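Student: I would like to learn how to read a model like this one. Could we go feature by feature?

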Amino acid sequence: QGLLNVHDFSPDPASRAVARAAIDYYLAVYALKVFNGVHTGPKRRGWGEGDRLGEMDTMLWFWAGGAPGYTTLPVDPADAHVSLHQLTTRYRPDRAIVALAAKQVPLPFEAELSHPDYGMTEPGRHLETFFCSNSFALGSVQLDVLNNAGQQTTWSLNVRGARESLIFGGGQPRWLSPEGHSPYDQWVQKRGSLLFLTGPTEPPPGVATPPTLERLDQLEGPRTYTRLTAFSGPLRPARPPVAEDPAALRRYLDESRSSAATWLWVPRGAKVHPQGGRFVFEAPDTWIVVTPLTPGAFWIDQDPAILAGKAAAGHSLQRLRSYRVLVIPGEMAGFALEAVERADAPTLASLEARGRLTLEGRTARYAAISGAHLELHYQPAGLRPEARINGERLHARPWAGGGHYTGGPLTIGGGVLRLRTAAGGFDLDYRGDAPRWEIADRQTP
């Protein structure tokens, strides 16, 4: 809102240009990760709910929602809250930004994004992968620090539904939520495949063993969850719930925070098909193939009707009204998740005998249905894994530089933002003292 004020009211043309450049930059990088109207992949302070647009998504919908195929979510303009600044500003996003949000670009694409740390002081700290296809988008980020971990979405899969987005997430159940960064989790992504492991931790060399996970809440509280205190004691074996009443289920969830398991939060709108030792979830145009790393997976799947009372108020129990949870237990647990276009695999039978997951010690390997090969070596004293994608070591390329976007319709680096879409594009060049714009031709999807 402050930037919109500068754009509209500053008497200084140079200041107005800088404000416009900043707004264009913010909306372009945001629009890159919007799919079906919902911001997708890693983020802080927010989880994309699949049945409604969040505040920022609503703001972008106000400008871009008229684009063909923008979202399948029903949006009532009477319920869409926008700010007075947005209603009255002279600023309008370039048509290329609108087209990017509506995914009027060549699909699929895979983008690699390099971000500074949360305090914007060190470049190249957060390394992100974002893949967008015709009917789904998957994004994840590699982190090397725990900061506001309960507010960190480390990965999410957004699948277009008939009247919703089916949004998958999860990990070790420290936060009882599809979002949250647990120190027991490590993962690697290639295109529409995610290989995810939950395992034991060790303190970094030279650091005394910190308090157990149960004591953390008493000593600090979950929002001051720091890098060193993250390396806690062993987790407890996971067990299925034995009662369905909300009070007992609430106790079960709270006790599960320190369980040795990976929780995959599955939206209730996704129909499940067991297939051998794995699960295939069905959406109108997509299959989501989930292969557990260990046997003995079970469901937390309570009747949403019993969760509507006071016993669920203000607790993660409320999330179970929209989600089922697939629990994969084990000291080394996890899954391979792969989204597949139904245009490439028309029937459930066409997925059989495709995709292979193995575990040897702390190393998992996944031969994906797409043909990609993912290898993850779990690091108990670190937050990032050692990983290889198609034999190439992760982070071995210049991708780890600071402030770069590569590989998709939006590229950023060296002071230049370049955007190309079916509606046209532009270059925003800020290598000099003032930003400069150059309009580009459209790109055919």
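Student: Is Arg-365 buried, partly exposed or exposed?

Tutor: This is a predicted model, and its relative accessibility values sort the residues. Between 20% and 50% a residue is called partly exposed. Arg-365 has 31% relative accessibility, so partly exposed is the right class.

Student: Which residue forms a salt bridge with Arg-365?

Tutor: General idea: side chains of opposite charge can pair when their charged atoms come close. Here the partner is Glu-360, with the closest N and O atoms 3.8 Å apart. Glu-360 is exposed, at a relative accessible area of 54%. Elsewhere, shared partners join Glu-49, Glu-179 and Arg-319 into one salt-bridge network.

Student: How many salt bridges are there by this rule?

Tutor: The count comes to 14 salt bridges. Take Glu-128 and Lys-33, whose side chains meet at 2.7 Å, N to O. Glu-128 sits in strand S5 (residues 126–132), while Lys-33 sits in the loop between helix H2 (13–32) and strand S1 (34–35), so this salt bridge ties together parts 95 residues apart in sequence.

Student: Are Glu-128 and Lys-33 buried or exposed?

Tutor: Buried means under 20% relative accessible area. Glu-128 has 3%, so Glu-128 is buried. Lys-33 has 6%, so Lys-33 is buried too.

Student: Which residue meets Glu-282 in a salt bridge?

Tutor: Arg-342 does, at 3.1 Å, N to O. This pair also links distant parts of the chain: Glu-282 is in strand S15 (residues 278–283), and Arg-342 is in the loop between strand S19 (333–341) and strand S20 (356–360), 60 residues apart. Glu-282 is partly exposed, with a relative accessible area of 23%.

Student: Now the sheets. What is the strand order in the open sheet of five strands?

Tutor: Read the order across the sheet. Here it is S20-S21-S22-S23-S24, with antiparallel pairing. S20 and strand S24 (392–393) stand at the edges; each has a single partner strand, so one side of each lacks a neighbour in the sheet. Next, look at the bridges. S20 pairs with strand S21 (residues 363–367) over five of them, in the antiparallel sense. Arg-356 stands opposite Ala-367 in S21.

Student: And what is the order in the open sheet of six strands?

Tutor: That sheet runs S10-S11-S19-S16-S15-S14, again with antiparallel pairing. Strand S10 (185–190) and strand S14 (271–275) are its edge strands, each pairing on one side only. From one strand to the next, the twist averages 20°. Within this sheet, strand S16 (residues 286–292) and S19 run antiparallel, joined by seven bridges. Ile-288 has Ala-339 in S19 as its bridge partner.

Student: How many residues are in the largest nonpolar core?

Tutor: In soluble globular proteins, nonpolar side chains tend to be buried together. The largest nonpolar core here has 59 residues, and Trp-263, Leu-320 and Leu-410 have the most contacts inside it. H2 gives the most to this core, with eight residues.

Student: Which residues is Leu-320 in contact with, leaving aside neighbours within four places in sequence?

Tutor: They are Leu-249, Leu-253, Trp-265, Arg-268, Ile-300, Leu-307 and Val-325.

Student: Last point. What pLDDT does the protein average?

Tutor: The average is 88, and 89% of the residues score at least 70. Over residues 210–229, though, the pLDDT is below 50. That stretch still has 45 contacts in the model beyond near neighbours in sequence. Where pLDDT is low, the predicted coordinates should not be read in detail.

Key
Residues numbered from 1 in each chain as written. Predicted model: local features only at pLDDT ≥ 70, side-chain atom pairs only at ≥ 80, totals over all residues. Heavy atoms only, no water. Salt bridge = Lys/Arg side-chain N within 4 Å of Asp/Glu carboxyl O. Helix = DSSP H or I, 4+ residues; strand = E, 2+ residues; numbered from the N terminus. Buried < 20%, exposed > 50% of the residue type's maximum accessible area, 1.4 Å probe, protein only. pLDDT = per-residue confidence, 0-100. Contact = heavy atoms within 4.5 Å. Pairing = 2+ DSSP bridges. Axes fitted to C-alpha atoms, helices over the stretch in contact; angles between N-to-C directions. Core = buried A, V, L, I, M, F, W, Y, C linked by side-chain atoms within 4.5 Å.
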